[in-house]
Number of protein chains: 2
Amino acid sequence: MNLKQLADLLGLSQTTISRALNGYPEVSEHTRRKVIEAAQRHGYKPNSNARKLATGKAGSIGYVLPVGRNVDLDPHFVEFLSGLGEHALTHEIDLSLTPAPIERESEAYRRIAASRSVDGLYLSSMRNDDQRIALVRELGIPFLAHGRAYKPADGYAFLDIDNEGAFHDAARLLLQLGHQRLAFINGDTEFTFALHRLGGVQRAMAEHGLPAGALKHHSAAMNEDSGYRLAMALYDGTKADTRPTGLLSASMFTTLGIFRALNQLGISVPGDVSVITHDDVFPFLKPESFSVPLTTTRSSIRAAGARTCERLINIISGAEADPVQEIWPVELVVRASTGPAPTAAAKPGRRESALAAE
Amino acid sequence: MNLKQLADLLGLSQTTISRALNGYPEVSEHTRRKVIEAAQRHGYKPNSNARKLATGKAGSIGYVLPVGRNVDLDPHFVEFLSGLGEHALTHEIDLSLTPAPIERESEAYRRIAASRSVDGLYLSSMRNDDQRIALVRELGIPFLAHGRAYKPADGYAFLDIDNEGAFHDAARLLLQLGHQRLAFINGDTEFTFALHRLGGVQRAMAEHGLPAGALKHHSAAMNEDSGYRLAMALYDGTKADTRPTGLLSASMFTTLGIFRALNQLGISVPGDVSVITHDDVFPFLKPESFSVPLTTTRSSIRAAGARTCERLINIISGAEADPVQEIWPVELVVRASTGPAPTAAAKPGRRESALAAE
């Protein structure tokens with residue numbers, strides 16, 4: 001009996017079976033016992049037949065790892081990789097990383113195709129008009145995109161989250177709370193996810209009759225430095241009645257820097273400014289761990305890694321013959337960093353006189 | 001002309017040459033020009049002959065990627081990988097990751113050996129009495145350890161930082177500043193680096209005539225949650241004249257949690273407590289980015305990744321025939337989170353009466 005047969009027998013996914021046998025905490029004790037008993041009864045040995053599930057010959061899936069000037073692999077990657085590794089494990093599949101600078105990545109894809117060293121590969125950090133989709137298709141390598149081009153053509157498989165919807169809902173909440181002046185410290189708009197997020201914010205503003213120009217928008221790499229620098233640019237020396245009271249942030253790291261700037265300037269969250277952040281569900285930095293627990297748009301990038309591996313195996317084996325364009329909805333989780341817009345009458349007036357007195 | 005010849009000609013390392021040609025910011029404009037001119041003059045084309053440098057046949061180096069219950073790959077890994085990828089790029093070498101749960105890792109190493117899918121591999125997260133060294137040696141796979149077993153035997157190659165010396169120096173600074181009550185929120189002492197760090201702190205204390213029991217020591221995974229939880233355990237409800245005034249922390253993420261706890265408890269840094277943290281030089285979270293810039297023990301884990309790749313290639317090619325045990329010194333960088341111990345006379349007295357009045 002192989003993994004698939006055991007999964008079919010129990011009506012569980014192969015991933016659940018494997019996690020149960022490997023003692024993952026996500027699987028309930030009840031399910032774990034059921035799986036272990038069935039595995040013993042039917043003589044299933046983990047991994048003994050697993051390799052057969054993937055019809056690929058290399059036993060490996062590939063990724064071109066961006067390195068070089070101005071490229072920082074970041075903590076998002078390690079979480080994605082954790083999820084991918086968890087699933088790859090259940091199929092005894094390796095992950096082959098080919099380092100390449102952005103400007104020579106097509107060379108790397110050609111080399112991978114020529115060497116036949118992988119059965120398929122995934123693309124990530126998708127760009128507005130991503131050239132890699134046509135390239136890997138031309139090279140005949142089975143692939144899945146994590147993310148998508150801005151206007152995705154038919155016929156290629158991707159897994160993405162609904163970045164547009166997520167940031168639409170986040171901006172709408174701020175507007176519903178009475179915030180009229182919004183700012184967005186976005187990721188790099190070279191990438192599609194950042195463009196989608198910007199589109200979502202603009203749609204919510206249009207629905208509330210606000211012009212697109214009413215948004216203060218900054219685009220930068222998602223890290224503490226950028227968050228600090230751009231929040232200082234937005235808030236240092238500004239008056240309470242003109243500065244943005246609703247602030248959207250692209251990542252937890254960006255928000256670390258935003259909080260440092262706001263603390264330094266004596267601007268309180270959510271009294272003066274409401275903040276909403278995208279949360280990729282890092283185990284090492286949680287929204288509850290900020291001085292004010294963060295309201296977030298939430299989607300696990302680890303789960304996306306596992307699903308990317310699962311679908312890529314299906315694409316390689318032919319189980320996903322017609323390319324699927326899968327988009328995950330994103331939750332909006334309200335915590336303490338959002339509140340009503342400060343009333344124009346009371347606070348800004350007081351602030352101005354305080355400033356005038358200095 | 002190949003990369004090595006060009007490097008020899010210019011008296012630069014192969015990594016520097018490659019970085020110069022790839023436009024890395026670490027290389028000065030002067031060096032970059034010199035390299036580009038020499039490359040043009042001698043007809044060197046990046047990567048055209050690079051593969052020949054590694055005599056391995058697979059063109060790939062391996063790593064067994066820990067996955068499963070209670071294993072969180074963390075941001076340290078992504079930084080190490082960035083450095084490794086940068087160097088691998090200069091030799092057109094891929095990195096093959098084989099996911100495995102800790103309890104079945106020996107199986108993974110055997111599978112790698114049997115498949116001959118890599119030319120060599122590196123070990124990481126080294127443990128006190130690490131069984132993998134004997135295993136990979138028995139399997140005949142060329143390898144390099146990043147880190148080492150607690151009492152390293154002769155005859156295997158490793159790259160490590162001087163964790164013992166780093167934390168000795170950090171603890172000594174606190175003692176020199178008059179701190180008598182020290183605490184250490186360490187990494188998991190299952191791993192050698194944490195044991196070495198503990199040993200360094202204890203040595204400094206012994207040199208100052210303090211018993212080992214005077215150290216409050218906690219061991220945990222290095223993340224924000226642990227830092228918060230353990231700092232709360234150390235400081236919540238304690239009096240100023242009994243609690244630790246000198247605090248050592250294993251990582252930047254741990255220290256994020258420590259600062260959250262101390263802020264919540266109204267304990268100031270460095271007025272009430274001095275803090276020293278180990279800094280792996282993450283680009284996404286810097287010691288200057290804390291509300292109080294952090295005093296740190298500093299060593300770039302990205303540089304360690306690049307050097308691991310460089311040496312592993314040398315080991316595979318035979319250029320490093322006798323195993324080298326390389327240990328990097330660690331800098332102690334003083335910033336604002338350390339200061340003199342609070343004087344026993346003034347502050348604690350005030351505090352106690354304040355508490356008594358409540």
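Q: Let's take a salt bridge to be a side-chain nitrogen of Lys or Arg within 4 Å of a carboxyl oxygen of Asp or Glu. How many does that rule find across the interface of chain A and chain B?
A: Four salt bridges turn up across the interface of chain A and chain B. Keep in mind that this is a predicted model.

Q: Got an example? Which residue does B:R111 form a salt bridge with?
A: B:R111 pairs with A:E92, and their closest N and O atoms are 3.8 Å apart. That distance falls inside the 4 Å cut-off, so the pair counts as a salt bridge.

Q: And where does A:E92 lie?
A: A:E92 is in the loop between α4 and β2 of chain A. There's a backbone detail there too: phi of A:E92 is near 50°, which is a positive value in a residue other than glycine.

Q: Back to the interface. How many residue pairs are in polar contact between chain A and chain B?
A: Twelve residue pairs are in polar contact between the two chains, with both residues of each pair at pLDDT 80 or more.

Q: Which elements of chain A each supply at least two residues of the side that touches chain B?
A: On the strand side, β1 (60–67) and β2 (94–101) do. The helices are α4 (75–90), α5 (105–115), α9 (224–235) and α10 (252–265).

Q: Which one gives the largest share?
A: That's α4(A), with ten residues of the side of chain A that touches chain B.

Q: How does that side split by class: nonpolar, polar, charged?
A: The side of chain A that touches chain B has 24 nonpolar, ten polar and 19 charged residues.

Q: How many residues does the contact take from chain A and from chain B?
A: The contact takes 53 residues from chain A and 53 residues from chain B.

Q: And what area is buried between chain A and chain B?
A: About 4,300 Å² is buried between the chains. Carbon and sulfur atoms give 53% of that area.

Q: Do the copies meet through the same surface or not, and why?
A: They meet through the same surface, because 100% of the interface residues of chain A are also interface residues in chain B.

Q: What rotation superposes chain A on chain B?
A: A rotation of 179°, with 0.0 Å of shift along its axis, does it, and the RMSD is 0.3 Å. The two copies are therefore related as by a two-fold rotation axis.

Q: Which residue of chain A comes closest to the rotation axis?
A: A:S96 does, with its C-alpha at 2.2 Å from the axis.

Q: What is the bridge partner of A:S96 in β2(B)?
A: It's B:S96. The two strands involved, β2(A) and β2 of chain B (residues 94–100), pair in the antiparallel sense over three bridges.

Q: Switching to pairing within a chain. Does β9(A) pair with β10 of chain A in the parallel or antiparallel sense?
A: Parallel: β9(A) and β10 (residues 295–298) of chain A pair over four bridges. In that pairing A:I276 has A:T295 as its bridge partner in β10(A).

Q: And β10(A) with β12 of chain A, parallel or antiparallel?
A: Those two pair in the antiparallel sense over three bridges, with β12 of chain A covering residues 331–333. One of the bridge partnerships links A:T297 to A:L332 in β12(A).

Q: OK, chain B. How many bridges are there between β9 and β10 of chain B?
A: Four bridges, in the parallel sense, join β9 (residues 274–279) and β10 (residues 295–298) of chain B. B:T277 has B:T296 as its bridge partner in β10(B). On β12(B), B:T296 stands opposite B:V333.

Q: I'm checking peptide geometry before setup. Which residues does a cis peptide bond join in chain A?
A: A:V269 and A:P270, with omega about 0°. A:P270 sits in the loop between α10 and β9 (274–279) of chain A.

Q: What's omega from B:V269 to B:P270?
A: Omega is near 5°, and that peptide bond is cis. B:P270 is in the loop between α10 (252–265) and β9 of chain B.

Q: Last one: what's the salt bridge count over all chains?
A: The count comes to 41 over all chains. Among the salt bridges is A:D8 with A:K4, whose closest N and O atoms are 3.1 Å apart. Both residues lie in α1 (residues 3–10) of chain A, four residues apart, or about one turn of the helix.

Note on methods
Residues are numbered from 1 along each chain as its sequence is written. Chains are lettered from A and ligands numbered from 1 in the order in which they are written. This is a predicted model: local features need pLDDT of at least 70, side-chain atom pairs count only at pLDDT 80 or more; totals for chains, interfaces and linings use all residues. Side-chain values use heavy atoms; hydrogens and water are left out. Contact means heavy atoms within 4.5 Å. Buried area is the accessible area (1.4 Å probe) that two parts lose on being put together, summed over both. A polar contact is a pair of N or O atoms within 3.5 Å; within protein, one must be able to donate a hydrogen and the other to accept it, and residues adjacent in sequence count only if both atoms are side-chain atoms. Ala, Val, Leu, Ile, Met, Phe, Trp, Tyr, Cys and Pro count as nonpolar, Asp, Glu, Lys and Arg as charged, and the others, Gly among them, as polar. Two strands pair if DSSP finds at least two bridges between them. Copies are superposed by least squares on the C-alpha atoms of residues with pLDDT of at least 70 in both.
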